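Student: I've got this model open and would like a guided look at one part of it. Could you take it slowly and spell out any cut-offs as you go?

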Amino acid sequence: MIPLDSIVEISNLTHIYSGDVKALDDLSFNVEKGELIALLGPNGAGKSTTVKMITGILRPTAGSVKVSGHEVSENLDAIRKIIGFMPQETALYQDLTAYESLEYHADLYGVPREEVQDRIAKMLELAGLTHRKDDLVKTYSGGMKRRLALVRSILHDSELLILDEMSLGVDVQSRNLIWNQVRKMRDEGRTVIFCTNYMDEAEALADRVVVIDNGRLVASGTPGDLKRQYVGDFLIEVLLEGLESSHGSEWLTEKLGFEVEKVSDPLNGGPRTAWIRSQSGHEDLPVVIGRLSESGMTVKQASMREPSLGDVFLAITGSTLRD
Amino acid sequence: MLRAIAAIVKKDLKQAKRDPKFLGPSLIIPFVFLLVYTIMWTSVGGGESFACGLVVEDISPEANEMADIIENMVSTTNHTWFSIERYDLTTADELYQSTSLIAYILIPEGFGDNITSGQDAVVVMLINNANDDVVKNYVHRLEAAVLLFNQGAVYPEFDQSDARIAIDETFSLTATPSNLEYMAAVSILLSLMACALTSQAMLTATEFETKALQDTLNSPTPRLALVIGRTIAAIPRSFSASLISAPVICLTMGVYPAGNIFILIGILLLTILALVPIGELIGMKIRNREQALLASVLFVMAGFILGGGMAPIGLSPASVRVVAGIIPTTHSLILWPRVFFSDSVLGLTTSSLFLIGTWIVMSAVVAHLMKREVERS
């Protein structure tokens, strides 16, 4: 039974691409109405595959994806009307103007004729493209194209908005505008799911973060919860001399009595950096420095900060390259 | 659905207007073919070795003498216009009806008796006169054979009033075009074929390359609306090249259609309908604008040559004819000159139905592939 306020329910979803590449492996999570969710994961983790499943572009090998209580693969046309999808590639008709692109989209999605002009004007305003509405899309910058793609995905008043790498390759100004629009959509009651590789984007926007790795769900929660659960309230960063190269984070954890997340391993054999998890911050910092000194190491530099989502991400998925 | 179709048509036509590069091949290919053909025909002398049948039903010495002359005559040019093969009447007639033989000569029973009794003896020549230059050469060959048989008649003042035999020439059409006129006419068709195929292939490849088509494919628009919309947009786009090439070819070559203009437009329309989904398929599979252009140009040129655009295919090996028969351009090339040069609607049904069938089948294939494109398993 799907809870009444769930707009997306993903259950035991598996997808195997040709060549036996398992992109998703028994993935399950729900998205509540009005939530703003970030899908995080290393390259090839299965984020884009997941959103393609939700939009019906890909069919599951096993498991199910339901949107508004309907199985996606069995109700594609109805589901397409309520989903707005902005793919990773800026897929726009280059030889149309912004106005024509939106008008074409409105016709395909059956936006009431009497509303088309007003809606397009509003969308152009939101995207900051009113002054360029009659220029061909091929003359736009990358940021303008992303903004146009974003407003196109909500033109038909979509309840569920899916954004794949919404700010990929855009400048700071465009990114700021896109973020503001996404927040506004959430405030209007729309559900937004976005995939991103930018941790600051997820931290700035997401109510909840879903981390996928190797096609499996590895963590889910608010950014604050995840930080507490996987890193702690504070992260102490120390630059150390005298830590032998054979000694790693486990050895240091044993010596300090604090969990050491990782220790750098510089190629030139110079001072090494250690990241140490802490619950009480200021109180722990002098204790850590004291214990390091007692163990024969010299602390060249020490700092303390609140952990970022990037720290959480690395703590969960590790730092090994994936592609 | 009508709104979606109208939107797709409007969008496709705007794109074509703003990026008319697809017109290039449509305007270049026909004129290149025409130029090559003109040079070839005027300097080399045209096609060679068209098979002509010989049926000898009479066993008299006169009939054998006549057959020997026809079979062993040496061409007055360096080029062998046709070969002579002996057949029985039934076989020759079957081959003739199926256009495997362009012509056959019949020396009928009683030929020798008529000569010896002083009556007129007749040699019958049946010609599928699809091409005037070839027909002329068949007829001249037979005329020469008769002259030789009659011994004494000398070109150009040959007088057959006292001859022992006369020629009964049977033409199945009232008028036949020359090779250059024929080539001019089919060049107009070639221009349209190139435009229909390359424009659709380039458009589809571009839309896949830029992923722009995904927005349309991911929309709730029915696939049928998509296919209909894209086909409707392809019609005026494909005719656009003909608006330039047809008047230029007609005026420069002095060749004008003799047949019903509406039927001719109908043939062009059927050609567009059959080729557009093929162009869509090429674009969909290649997904690169430049490569799609090359592939579609190659398809058009191969289809044109294989379909008999430059030389009759009736005498090619059966396997080649089978392959040619399944290519829609072959059927357009069958229909177009037939109506262009005569005001006749006879013999159009089979090829018209084939083109309609190609349109329906290929459109269904394209619709299915597009559906798979966005709903992959």
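What percentage of the 377 residues in chain B do buried residues make up? After that, please give me a close look at the six-stranded sheet of chain A and what surrounds it.

Tutor: Buried residues make up 46% of chain B, where buried means 20 or more other C-beta atoms within 10 Å of a residue's own, exposed means 12 or fewer, partly exposed is in between, and C-beta atoms are placed from the backbone. Bear in mind that this is a predicted model: local features need pLDDT of at least 70 and side-chain atom pairs count only at pLDDT 80 or more, while totals for chains, interfaces and linings use all residues. Residues are numbered from 1 along each chain as its sequence is written, and chains are lettered from A and ligands numbered from 1 in the order in which they are written.

Now to your sheet. It is open, with mixed pairing, and runs β6-β7-β8-β3-β9-β10 in chain A. Strands here are DSSP runs of E with at least two residues, helices are runs of H or I with at least four, and both are numbered from the N terminus. Two strands pair if DSSP finds at least two bridges between them. β6 (83–86) and β10 (216–221) of chain A are the edge strands; each has a single partner, so one side of each has no neighbour in the sheet. On average, neighbouring strands are turned by 15° against each other, direction ignored.

Zoom in on β3 (residues 36–40) and β8 (residues 191–195) of chain A: they pair in the parallel sense over four bridges. One spot to click on is A38(A), whose bridge partner in β8(A) is F194(A).

Two helices pack on this sheet. α1 (residues 47–55) of chain A touches β3, β6, β7 (160–164), β8 and β9 (208–213) of chain A, and its direction makes about 150° with that of β7(A). Touching, or contact, means that C-beta atoms placed from the backbone lie within 7 Å. Angles run from 0 to 180 degrees between N-to-C directions, with axes fitted to C-alpha atoms, for helices over the stretch in contact. α5 (residues 142–154) of chain A touches β6 and β7 of chain A, at about 165° to the direction of β6(A).

α5(A) also leads you outward, since α3 and α5 of chain A are among what covers the buried residues of α4(A). Those buried residues include I120(A), M123(A), L124(A) and A127(A). Just after α4(A), G128(A) takes a positive phi of about 65°.

In α3 of chain A, have a look at H105(A). H105(A) counts as buried because it has 25 C-beta neighbours inside 10 Å. Leaving out residues up to four places away in sequence, H105(A) touches R152(A), L155(A) and, across in the other chain, D215(B). H105(A) also sits 8.1 Å from H156(A), C-alpha to C-alpha, though the two are 51 residues apart in sequence.

That brings us to the chain contact, which takes 24 residues from chain A and 22 residues from chain B. On the chain A side, α2 (76–82) and α3 (98–108) each supply at least two residues. The largest share, five residues, comes from α3(A). The chain A side divides into 12 nonpolar, four polar and eight charged residues, with Ala, Val, Leu, Ile, Met, Phe, Trp, Tyr, Cys and Pro as nonpolar, Asp, Glu, Lys and Arg as charged, and the others, Gly among them, as polar.
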